[in-house]
Amino acid sequence: MITLRSGAVAAAIVLGLVLAGAGLSGAARAQGTMVGPEVCAECHKAEVQVWEGTVHFKSFRELHKSKDPDAKAIVEAAGGDKNPKKNETCTLCHYAMVAKKEGDEAKAVSGPACESCHGAASEWVKIHNDYGGPGVKAADETPEHKQQRMQQASAAGMIWPAQKFDIAMNCMNCHGMARPGLDAAVLAKMMDAGHPIKPEYELVQYSQGTVRHRFYPPDVTKNAEMTPAELANLFVAGQAAKLVSAAAVVGKSDNAKYKAAQEQRLADAKAALGKLAAPEAKALIDAPTVENARKLVDAIAGKDLSGEVGGLLPAAGTYK
Ligand code: HEC
Ligand code: HEC
Ligand code: HEC
Ligand code: HEC
């Protein structure tokens, strides 16, 4: 039997099928609210320790004081609350927002955290680790229950580590300044006030350095590095997400800096995906939709593409 935690590749295939079967691989995900990283810390100590070493964590104390570029000038240009932690534009991407209890106003509790990448957890945190009721251990869980649990958590908003395209879209929406909900006029003002946008942002380079947490069995004490095949696969998921996110926003604003960055992202992603022999890659380049991106990512699951895109992978020494 293939178990979810027996390896990222097997998990990606199993989860892809399980979630596609339930019709949940699309946009059917519910939007809960964040419970905050302290809740996750109760059970995921190793992951929390990694997170505490990242810019995501450290920025909570530093962003509002940063001078280069000038956070104050950017927040003033955006309008609204002068404190980035309370400004409705900055909080879209810079902070994990948690309400103490239902109905309370959500407050910034940290920089981008667990749920910024894995999905707001109020509706899934009690489901995702429930093997079938009190006292039931992982080893005793039936395969049917496991499938059901994964589907339910996903429908309730959880992004599983094996759902590489969904995780990649999340990174790309923040890092590509492509988050839905970001007002076009506000965006243009932020850009002019010096807000950075880095079209060269690439998933392998940004996820395999300080951000990497891969404490998988058999040795859950080891933060494992990816194999060349896994890196190539992640690279492709990242390019697919880059293409889809850039295509969605390239027409959003006439701001010259923003437009140039999105056009660069489109061109880079097309060039990278153009190296692939899979017909799904060509279909995605021709029509950069979420559906086509998923088809490509599903089609390459478990395959070794390091021959096709290996030359484009960033050197390990450049990982952020
Ligand atoms: C009470 C303990 C507990 C809490 C609290 C908890 N988790 Fe988990 N989590 C687990 C267990 C146990 C698993 C393994 C489930 C399995 O075997 O599929 C897990 C699995 C996961 C996975 C998938 C791991 C994989 O290999 O696929 C992610 C991601 C995750 N948790 C994130 C979180 C986040 C984010 C939070 C906070 C919002 C959180 N968890 C809170 C116990 C917990
Ligand atoms: C769409 C997501 C998004 C929004 C909205 C957003 N930012 Fe950012 N911001 C980012 C990302 C991603 C970076 C990191 C870019 C990089 O260096 O790769 C960043 C970087 C910055 C930096 C430079 C990094 C530093 O710590 O010096 C400042 C300053 C900044 N943002 C201020 C703001 C302010 C103020 C607001 C609200 C008006 C805001 N941002 C809204 C995504 C966003
Ligand atoms: C920047 C985005 C990001 C943040 C922040 C983040 N994760 Fe993850 N997480 C990922 C990605 C990507 C993977 C998939 C890793 C892989 O399989 O290569 C992952 C994998 C995992 C796993 C399975 C691997 C393992 O380490 O056991 C767990 C559990 C998990 N995350 C929990 C958490 C918790 C808890 C936090 C907060 C302390 C957190 N994550 C913060 C992106 C993130
Ligand atoms: C909710 C929005 C958001 C998501 C999702 C997100 N990030 Fe970030 N990330 C930011 C912001 C904002 C900054 C800049 C913080 C600062 O400098 O103050 C940042 C900074 C970083 C940095 C530090 C960059 C540097 O130049 O040192 C890395 C690395 C990074 N993110 C990787 C990732 C990866 C990989 C993912 C997805 C697995 C991801 N991020 C998802 C918002 C996000």
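## The iron atom of ligand 3

H118 and H213 are the protein donors of the iron atom of ligand 3, each through its NE2 atom at 2.0 Å. Donors are N, O and S atoms within 2.8 Å of the metal (3.2 Å for Na, K and Ca), and water is not among the atoms, so sites may look incomplete. H118 lies in helix α6 and H213 in the loop between α10 and α11 (228–249), so the pair ties together parts that are 95 residues apart in sequence. Helices (H or I, at least four residues) and strands (E, at least two) are DSSP runs, numbered from the N terminus.

The arrangement around the iron atom of ligand 3 is octahedral because its six donor atoms subtend angles of 84 to 180°. Four donors count as tetrahedral if all angles lie between 85 and 135 degrees; four count as square planar and six as octahedral if opposite donors are over 155 degrees apart and all others between 65 and 115; anything else is irregular. H213 is partly exposed, with a relative accessible area of 33%. Buried means under 20% relative accessible area, exposed over 50%, and partly exposed in between (1.4 Å probe, protein chains only).

## Basis of the model

This is a predicted model, in which local features need pLDDT of at least 70 and side-chain atom pairs count only at pLDDT 80 or more, while totals for chains, interfaces and linings use all residues. Residues are numbered from 1 along each chain as its sequence is written, chains are lettered from A and ligands numbered from 1 in the order in which they are written, and side-chain values use heavy atoms, with hydrogens and water left out.

## The shell around ligand 3

Ligand 3 has 19 residues around it, of which C114, C117, H118, H213 and Y216 come nearest. A residue is near a molecule or strand if one of its heavy atoms lies within 4 Å of it. By class, this shell holds 12 nonpolar, four polar and three charged residues. Ala, Val, Leu, Ile, Met, Phe, Trp, Tyr, Cys and Pro count as nonpolar, Asp, Glu, Lys and Arg as charged, and the others, Gly among them, as polar. At least two residues of the shell come from each of α3 (45–51), α6 (114–118) and α8 (164–175). Domain 1 (29–155) and domain 2 (164–318) each contribute at least three residues to the shell around ligand 3; the domain bounds come from an automatic or database domain assignment.

Polar contacts (pairs of N or O atoms within 3.5 Å; within protein, one must be able to donate a hydrogen and the other to accept it, and residues adjacent in sequence count only if both atoms are side-chain atoms) are also found here. A polar side-chain atom of Y216 lies 2.6 Å from an oxygen atom of ligand 3, and an N or O atom in the side chain of H118 lies 2.8 Å from a nitrogen atom of ligand 3. F215 takes part through its backbone, with an N or O atom 3.1 Å from an oxygen atom of ligand 3.

## The iron atoms of ligands 2 and 4

The iron atom of ligand 2 is coordinated at 2.0 Å by the NE2 atoms of H94 and H195. H94 lies in the loop between α5 (71–78) and β1 (96–98) and H195 in the loop between α9 (184–192) and α10 (203–207), so the pair ties together parts that are 101 residues apart in sequence. The six donor atoms subtend angles of 88 to 179°, which makes the arrangement around this iron atom octahedral. H94 is partly exposed, at a relative accessible area of 25%, whereas H195 counts as buried, at 13%.

For the iron atom of ligand 4, the protein donors are H56 (NE2) and H175 (NE2), at 2.0 Å. This pair links distant parts of the chain, with H56 in helix α4 (residues 55–62) and H175 in helix α8, 119 residues apart. The site is octahedral, with angles of 84 to 179° among its six donor atoms. H56 is partly exposed, with a relative accessible area of 22%, and H175 is partly exposed, with 33%.

## The surroundings of ligand 1

Ligand 1 is surrounded by 21 residues, and the closest are C40, C43, H44, H128 and Y131. Its shell comprises 14 nonpolar, four polar and three charged residues. Helices α2 (37–41) and α6 each supply at least two residues of this shell, and α6 gives the largest share, three residues.

A nitrogen atom of ligand 1 lies 2.8 Å from an N or O atom in the side chain of H44. An oxygen atom of ligand 1 is 2.8 Å from an N or O atom in the side chain of Y131, and an oxygen atom of ligand 1 is 2.8 Å from an N or O atom in the side chain of R149.
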